[in-house]
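Let's walk through how to read a few features of a protein model together. Have the sequence and the 3D view open as we go.

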Amino acid sequence: MRCLGFLYRGLLYMLPQKRAAGSDAEGHVSDGDKTKRSKNSEARPSSKMDNGSNGVSTNLLPIDEDLHSRQLAVYGRETMRRLFASNVLISGLNGLGAEIAKNLVLAGVKSVTLHDVEKVEIQDLSSNFFLTEEDVGTNRALACVKKLGELNNAVFVNALTEDLSEDNLLDYQVVVFTDIGLEKAIQFNEYCRNQSPPIAFIKAEIRGLFGGIFCDFGPEFTVIDTDGEEPRTGIIASISNDNPALISCVDDERLEFQDGNYVLFSEVKGMTELNDGKPRKIKVTRAHSFVLEEDTTNFGVYEKGGIVTEVKQPKVLKFKSLRESLREPGGFLLSDFSKYDRPAIIHLALIALDKFRAEVGRFPGAGSEEDAQKLISIATSINEAALDDTKVDKIEPKLFRQFASGSGAILNPMAAMFGGIVGQEAVKACSGKFHPLFQFFYFDSLESLHVYPLDPADLKPRNSRYDAQISVFGDKLQQKLQEAKVFMVGSGALGCEFLKNFALMGVSCNNKGKLTVTDDDVIEKSNLSRQFLFRDWNIGQPKSTVAASAAKRINPGLHVEALQNRACPETENVFNDSFWENLDVVVNALDNVNARMYMDMRCLYFQKPLLESGTLGAKCNTQMVIPHLTENYGASRDPPEKQAPMCTVHSFPHNIDHCLTWARSEFEGLLEKTPNEVNSFLLKPSEYAAAMRKAGDAQARDLLEHVADCLDKELCVEFQDCVAWARLKFEDYFANRVKQLTFTFPEDSSTSTGAPFWSAPKRFPRPLQFSACDPSHLNFIMAASILRAETFGIPIPDWAKNTMTLANAVNSVIVPNFEPKKGVKIVTDEKSTNATNTSIDDAAMINDLLSKLEECAKKLPSGFQMKAIQFEKDDDTNYHMDMIAGLANMRARNYSIPEVDKLKAKFIAGRIIPAIATSTAMATGLVCLELYKVLGGNHKIEDYRNTFANLALPLFSMAEPVPPKMMKHQSMSWTVWDRWSITGNLTITELLDWLKEKGLNAYSISCGTSLLYNSMFPRHKERLNKKVVDVAKEVAKVEVPAYRRHVDVVVACEDDEGNDIDIPLVSIYFR
């Protein structure tokens, strides 16, 4: 067995790799709360790097895949390793600096150095969540070091508290400045550009409700992957012998190629010249075809098959220096088309502010007309001296007054939003992953201001932690924030960010206010890479409780109640009418559509504002649902995800997703569903038998066959039985079934129309020959036998994980010969939803199987039960993903589909939603800017903003929400937000008459899912004189709780011409 040495090393390679805290720590020493890093040869890597590395060494650093699984789904291993080798400097630990630092520490860079010479002031507590009142008077950077380090103990965090020199910058791949004068910024930027490799330079600033970012990653910067999307693929249907050639693909999926893309061809039969591994440029892309810029006239004639795959091309960007960009900024990245000219104005305003501060030595005073006029004068002078094509057409005094008044404030929502963007830009600079911001981005949220003028006296500081916010919005809005009654559903990644933001903003931070947060989930290790209010010692604890406690430490004034109830119909006794009626606003922090739809329905019913957001990798979106102003969340929905046909998954897979879908289904059938069925039979045999006989269909027969096999020929008593079971499953899945399929449908078979049966997208499979020398084969046997033993409660011996002993045990299993059978029916209809064939003898077979089960049960030990295994993707020690990856990859090997590693298998089979901290932070910052509007009140729909952003591109798209659909009848009009209320204990006749007075002829009344009255049913006439509530109790079994005074009914009406009229919900207040 010479192969076992290689086999052992192969299995070791498959085990999860972890990056230990403190790994690669040479040159760092602990000093109390700070971790100091000396200047060493590792700090600035050599310029001799891999292509596209941008000066970041990529040694094979181990990755803790349990911790970073969601982030790995966005970045991939190579980008993560580049991050692990990167050192970042953040200068300026105001609220923006703290947010950037948080995001980078969570991302897992090698080190973060915090630089600040300023001391903590009381107003810093409204934007920097690491600070407390005890920190006032201490250095801002030093005050943040310890708490930042707690977010990720594999990241080295230290502080610099002296003025920066150029030499200080040499240790870093990226330097970020959040509060630096232009003169110094230009000096540092030139220095960074002149290094080899260049140091990436980012300058970002927040001035009240305005902000800006500038990026310069050097004279030449290579972007390895501009968008982060998986390479697009297509299955070829035909290729012409032309110049240029036309390629058509199968029409089951739309091609996502774009003109100018490069692609690779593989598996092409006939025109084999295309299989040479050379990237080729395409054009004239269509939904199912494209043109290849190549002459194929003299190539072989296309026969069949072929896969076309996009090849990501590196992109080289030539950044301009800050000095040059200030003089000729070029284009600005636009976020809001209703403010097309705003970026240029903010660009001018920030330059003018820099000059104001240099001359006066401070920011303009809040509400100071004198300071505002001076700023306007400076801006006017700068604009007049500018080049003609960079001048601002008009300087708006009102806008500059608003800018000047709040320019000294760092607002938490702005810090959260900009912290997400800048954090992502730093990741891009470290890794070359995603397209950098090129080069200016400006943003404002002036719509968040009050709709009425503010009294300058209302903006004066109160020596309060909220002084920065008061200087922008005034004391009255601050009071509204503190007295707000808020319901937040979910306390995961979004929820942690929201709780932090609420605590800093002062939301629900006095006795009149209250924040209720609910989440029924507990903390898992994979949460820690984004859900920054949690620590590793919180694993297993309720999310809502831990998050609420952490938020109270940020602001002890926060009045928060943490619950572990799921918001759903079953908990409406907890979240009852009085609870909902008392709310000011609802904030969703959810991760699934069903929960969002329920919350949307409740907000519609109680007419409460709903602030909705979500993330998917580098993408995020926000939606404002405002009573009577906007459409509700459920008014528009994404199309459902396309599901692969059952026959494709079971017999004709053509991509790894199909294989993984099948693998998870088999896992759940073998290890969860069948053991549960066995237990159901053994607990109540007669009831189980009666239920199966009543069903009497192919599905019942199939279940019984699995149960009978499990308790008879597949019964396991000792671990060797489990090994034999696993070996025979391998033979069944990857050899026998394939032999039967290709016997039933040979490679040269045709369809009823005469077309080749095995044409694209079908792939002709080949059976596997088991070999104990193949690490993949043995890894499958190991995982399957261990999990099988677990279901039978069989102790797992030490030799089960010893590759040599396990290989010997597998080789001792006798595998029967298999002969394909004639007449076997295999489902090929894509519309079929069941892979089990129906038989006319199902009932008879069910009886036979039940008799067999009764005999099997007599042979079992008293009290025998199986253990059902529920799939858990986030525990790499439980062998669940080992088995699923083994099933999927062996099936992929059958069909010559590229295999995937266990991590990629986990993403697909575990349906993991890619997630990173930066997009989450941005989304919550944007929502909190809208919260100012909701709680301030009286804003018009044009003041609100819905947003879609993709930090990878980067793309920011902000627009007004869509108004609700208006319905009209005669002189009346209503929207989905309206509800008609009637007071009195009405009969059905009285309700019909009430509607008749409105010109509506009601013909049907329902409550819940029950029909109370329909004019077509004669027997319903006897209900006409009964009270509506009594009929609801009798027919719909409605139980009206004591706290509720009304019952809701849905009424179908038509007008006098017989046209259906969709009217609002009708609430009858009967008590």
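**Cysteines, a domain and a helix pair**

Q: This is a predicted model, so where do I start with Cys 496, and why is its sulfur not in a bond?

A: A disulfide is a covalent bond between the sulfur atoms of two cysteines. Here the cysteine sulfur closest to that of Cys 496 belongs to Cys 928, and it is 13 Å away, too far for a bond. Cys 496 is also buried, because its relative accessibility is 0%.

Q: And what about Cys 1053: is it buried or exposed?

A: Cys 1053 is buried, with 1% relative accessibility. Its closest cysteine sulfur is that of Cys 1007, 16 Å away, so a bond is ruled out by distance.

Q: How many disulfides does the structure hold?

A: Zero.

Q: Which domain does UniProt list for residues 944-1066?

A: The unreviewed UniProt entry gives "Ubiquitin-activating enzyme E1 C-terminal" for that range. In the model, residues 944-1066 are 37% strand and 14% helix, and the C-alpha atoms at the two ends lie 30 Å apart.

Q: How do I read the packing of helix α7 against helix α9?

A: Two packed helices are described by the angle between their axes and the distance between the axes. For α7 (residues 342-360) and α9 (residues 397-406), the angle is about 50 degrees and the axes are 11 Å apart. That angle is why α7 counts as oblique to α9. The crossing is right-handed.

Q: Which residues make the contact?

A: From α7 come Arg 342, Ile 345, Leu 348, Ala 349, Leu 350 and Leu 353, while α9 supplies Leu 399, Phe 400 and Phe 403.

Technical notes:
Residues are numbered from 1 along each chain as its sequence is written. This is a predicted model: local features need pLDDT of at least 70, side-chain atom pairs count only at pLDDT 80 or more; totals for chains, interfaces and linings use all residues. Side-chain values use heavy atoms; hydrogens and water are left out. A disulfide is a pair of cysteine sulfur atoms within 2.5 Å. Buried means under 20% relative accessible area, exposed over 50%, partly exposed in between (1.4 Å probe, protein chains only). UniProt positions are given in the numbering used here, feature names are shortened, and annotations may be inferred rather than shown by experiment. Helices (H or I, at least four residues) and strands (E, at least two) are DSSP runs, numbered from the N terminus. Axes are lines fitted to C-alpha atoms, for helices over the stretch in contact, and angles run from 0 to 180 degrees between N-to-C directions. Angles under 35 degrees count as roughly parallel, over 145 as roughly antiparallel, 65 to 115 as roughly perpendicular and the rest as oblique. A crossing is left-handed if the near helix is turned anticlockwise from the far one by less than a right angle, and right-handed if clockwise. Contact means heavy atoms within 4.5 Å.
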